[in-house]
Amino acid sequence: SGRLRPLPSRRILRTFTFSVQQLDPGDGFSAALTSSPTVTLGDGESATATLAINAAKAAAKRDYTGYVNILDPQGQTLHVPFWVRFVKKKK
């Protein structure tokens with residue numbers, strides 16, 4: 001028969017890897033991903049990464065900075081900055 005049939009579409013999946021890089025760590029402060037460190041996405045899909053920030057009462061009252069790094073399938077890294085400021089509570 002002379003009918004053309006469309007080729008089956010191939011779903012392209014890409015895997016991304018997340019990590020946290022603290023630029024100025026301190027005692028009593030931590031930042032960590034609470035979501036999966038890897039995610040595989042198809043075209044048009046999205047995902048959420050969750051960063052947990054923890055500070056002990058004794059942590060220094062100052063700025064803490066860093067990056068959530070996202071490694072793409074081609075080996076390029078996207079650096080998403082985070083900045084947290086802890087201040088003394090007013091009485």
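1. Read from the N terminus, the elements of the protein chain follow the order β-β-β-β-β-β, and in this predicted model the count is accordingly 6 strands and 0 helices. The radius of gyration of the protein chain is 21 Å, whereas the globule rule gives 12 Å for 91 residues, so the chain is more spread out than a compact globule.

2. The overall dimensions can be set beside that value: along the principal axes, the C-alpha atoms of the protein chain fill a box of roughly 85 × 25 × 15 Å. Of the 91 residues in the protein chain, 18% are buried, and the chain exposes about 7,400 Å², with carbon and sulfur atoms supplying 54% of that area.

3. The largest nonpolar core has 11 residues in all, namely Phe18, Phe29, Ala31, Val39, Leu41, Ala59, Tyr64, Val68, Ile70, Phe82 and Val84. At least two residues of this core come from each of β2 (29–33), β3 (38–42), β5 (63–71) and β6 (77–85), and β5 gives the largest share, 3 residues.

4. Phe29, a member of that core, merits a look in its own right: leaving aside residues up to four places away in sequence, Phe29 touches Gln22, Ile53, Asn54, Ala55, Tyr64 and Phe86. Of these partners, Tyr64 is also listed in the core.

5. On contacts in the protein chain between residues at least 6 apart in sequence, 54% join residues that are at least 24 apart.

6. As to charge, the protein chain carries 13 positive and 6 negative side chains, and the centres of these two sets are 8 Å apart.

Definitions and conventions
Residues are numbered from 1 along each chain as its sequence is written. This is a predicted model: local features need pLDDT of at least 70, side-chain atom pairs count only at pLDDT 80 or more; totals for chains, interfaces and linings use all residues. Side-chain values use heavy atoms; hydrogens and water are left out. Helices (H or I, at least four residues) and strands (E, at least two) are DSSP runs, numbered from the N terminus. The radius of gyration is taken over C-alpha atoms; the globule rule is 2.2 Å times the number of residues to the power 0.38. Buried means under 20% relative accessible area, exposed over 50%, partly exposed in between (1.4 Å probe, protein chains only). Contact means heavy atoms within 4.5 Å. Accessible areas come from the Shrake-Rupley method with a 1.4 Å probe; for residues, only the protein chains shown count as cover. Lys and Arg count as positive and Asp and Glu as negative; His and the chain ends are not counted. The place of a charge is taken as NZ of Lys, CZ of Arg, CG of Asp or CD of Glu. A nonpolar core is a set of buried Ala, Val, Leu, Ile, Met, Phe, Trp, Tyr and Cys residues joined through side-chain atoms within 4.5 Å.
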